Amino acid sequence: MSLSVAPHRWDGPGTDERTADPAEAQAPAPVAAETRPAETRPAGEPPPHPSRRSLRGLDWFVFFVANVQTGFGPFISVYLTSAAWTQVDIGIVLSIGSAVALAGQMPGGALVDAVRSERLAAAVSVAVIGASALMFALWPFYVSVLGASVLHSAASCVLGPAMAAISLGLVGHAGMSERLGRNARFAAIGNGIAAAAMGACGYWISNRAVFFVTAVLLVPALVALAFVRTAEIDPERAHGGAPEQPPKRPLSSLLVRHRLRPLLIFSLAFMLFQLANTALLPLMGSVLTMRSSRWASVLIAACIVVPQLLVALISPWIGRRAQLSGRWPLLVLGFAVLPIRGVLFAVVHDPNVLVVAQLLDGVSGAVFGVLVPLVVADVTRGTGHFNLALGIVGTAIGVGATLSTTLAGYVSDHFGSHTAFLVLAAIAAAGLACIWALMPETRPKDDETPPPADGVASA
């Protein structure tokens, strides 16, 4: 398949946003830049140079947010299964939470685009997630668990776009690929450490203790966010617009054909991916719990920690590779490993081998942790609707997540877990076919040649 390049471009002056030389940064913009108005910067204005404090603060905020989010997902299935919930009931609760996530994705992205304090949006979201964890732990009844799931999903709809907006506002489009690789590394380390700690809590204390740990992790997350300086987050760049254009372009700028087609293809493929992926590990957690309740939390923790180690290792490389080779080859790689993983879950019964098979989840996690916001940033460059477009993709992901747990629970209860895993693998293969046949390359032409190793853009 021939790869096409999306026609939007990075349109700054002659200096790349990653330029490190102050003298070069202050040089007047070349005349040629006047014909490229989408993201021009006023002559003489330097590229973004966020302070080390803000960048480190974002690193640790991503780390602790990953800690907080690890307490949900597979650990919910283990917790509720140990409380004698049926798979159908667990699937219904998780699906209702996913439905809220589905309905809230676009409003959440639009809200982040509308506000002028991405830090405040992120802080409130983390606080609500911590409250939902306490509800899980203190009141494990149907109504309370359902309410906690709804709160968690609603807050996550705002938290994801807010974190992406903070990243883009700090480093700009030209630095976004490597910044996302760094975010993915810290998120992976946070997931791995939290999963190990929560697995130990589930084994030595109780499955309920996992949610108390999740709530406590709210505090260091907010402390880390306080280190990110608001003045260094450009409000227009954070939303995909140009710094010198306070009024955002109309929504129609996002709906033109060359932007809408790749966005819709990308969204459809990820809906299929999430339909297959969301239920895989929770279903495996339920199977392991029925085989050995005592070891289930430990095995699930291992299935989270092992791939996260791989994500932490390769995410920065993925960010650099996306800048050098483009987005499409990495997208194909990320989608290809999921059907293989589903088949392995269906045919392998040795828990040790299943943990090794989870390394494949690390590959897709590293790819998509970088590529999802990066491709959306490519498509929406210069529109001012970056977070809204993230919400559109998030809505598609929410459709898949909403149906996934209920579908897997139904098939597992009526036809067995073996069949459920194979059905999920077939859906994953359909997502791979969609990316392979329909998705264009979105890397802008201006990004094909990376800057020299010393960080100074060539003339």
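How many of the 459 residues of the chain count as buried? The share is 58%. Keep in mind as you look around that this is a predicted model, so every value here is computed from that model.

Let's start with the overall build. The chain has 17 helices, and the number of strands is zero. Now think about contacts between residues at least 6 apart in sequence: 85% of them join residues at least 24 apart. You'll meet some of these pairings below, as we go from one pair of helices to the next.

Our first stop is helix α5, residues 118-138, together with helix α6, residues 142-171. These two pack at an angle of about 155°, and their axes are 8 Å apart. An angle over 145 degrees counts as roughly antiparallel, and that is therefore the label for α5 and α6. Their crossing is left-handed. Sort the residues of this contact by class and you get 16 nonpolar, seven polar and two charged.

For a close-up, find Ser125, which lies in helix α5. Is Ser125 buried or exposed? Its relative accessibility is 4%, so Ser125 counts as buried. Leaving out residues up to four places away in sequence, Ser125 touches Ala155, Val158 and Leu159. While you're in this part of the numbering, look at Cys157 too: with 2% relative accessibility, Cys157 is also counted as buried.

Next, head along the chain to helix α13, residues 328-347, and its partner α17, which covers residues 417-438. Here the packing angle is about 165°, with the axes 8 Å apart. Once more the angle leads to a label: α13 and α17 are therefore roughly antiparallel to each other. The crossing of α13 past α17 is left-handed. Plenty of side chains take part. From α13 the list includes Trp328, Leu331, Phe335 and Phe345, while α17 brings residues including His418, Phe421, Leu432 and Trp436. By class, this contact has 19 nonpolar residues, three polar ones and no charged ones.

Stay with α17 for a moment and pick out Ala420, which has its place in that helix. At 2% relative accessibility, Ala420 counts as buried. Which residues does Ala420 touch, not counting those up to four places away in sequence? They are Leu283, Ala408, Val411 and Ser412. You can also check a distance here: Ala420 and Gly409 are eleven residues apart in sequence, and their C-alpha atoms are 8.0 Å apart in space.

Now for a pairing from well-separated parts of the numbering. Ile265 is found in helix α10, residues 257-277, and at 11% relative accessibility Ile265 counts as buried. Along the chain, Ile265 and Cys434 are 169 residues apart, yet their C-alpha atoms are separated by 7.5 Å. Setting aside neighbours within four places in sequence, Ile265 is in contact with Cys434, Leu438, Met439 and Pro440. Cys434 is buried as well, because its relative accessibility is 8%. You've now met two cysteines, so how many disulfides does the structure hold? The count is zero.

The last helix pair is α15 with helix α16, residues 386-415. Their angle is about 125°, and their axes lie 9 Å apart. That makes α15 oblique to α16. As for the handedness, α15 passes α16 in a right-handed crossing. On the α15 side, the contact is made by Val372, Pro373, Val376 and Ala377, and on the α16 side by Phe386, Ala389, Leu390 and Val393. What classes do these residues fall into? The split is eight nonpolar, no polar and no charged.

We'll finish with Val379, found in helix α15, residues 359-379. Val379 has a relative accessible area of 1%, so it is buried. Try tracing from Val379 to Arg261: the two are 118 residues apart along the chain, but their C-alpha atoms are separated by 9.7 Å.

Key
Residues numbered from 1 in each chain as written. Predicted model: local features only at pLDDT ≥ 70, side-chain atom pairs only at ≥ 80, totals over all residues. Heavy atoms only, no water. Axes fitted to C-alpha atoms, helices over the stretch in contact; angles between N-to-C directions. Helix = DSSP H or I, 4+ residues; strand = E, 2+ residues; numbered from the N terminus. Parallel < 35°, antiparallel > 145°, perpendicular 65-115°, else oblique. Left-handed = near helix turned anticlockwise from the far one by under 90°. Nonpolar A, V, L, I, M, F, W, Y, C, P; charged D, E, K, R; others polar. Buried < 20%, exposed > 50% of the residue type's maximum accessible area, 1.4 Å probe, protein only. Disulfide = S-S within 2.5 Å. Contact = heavy atoms within 4.5 Å.
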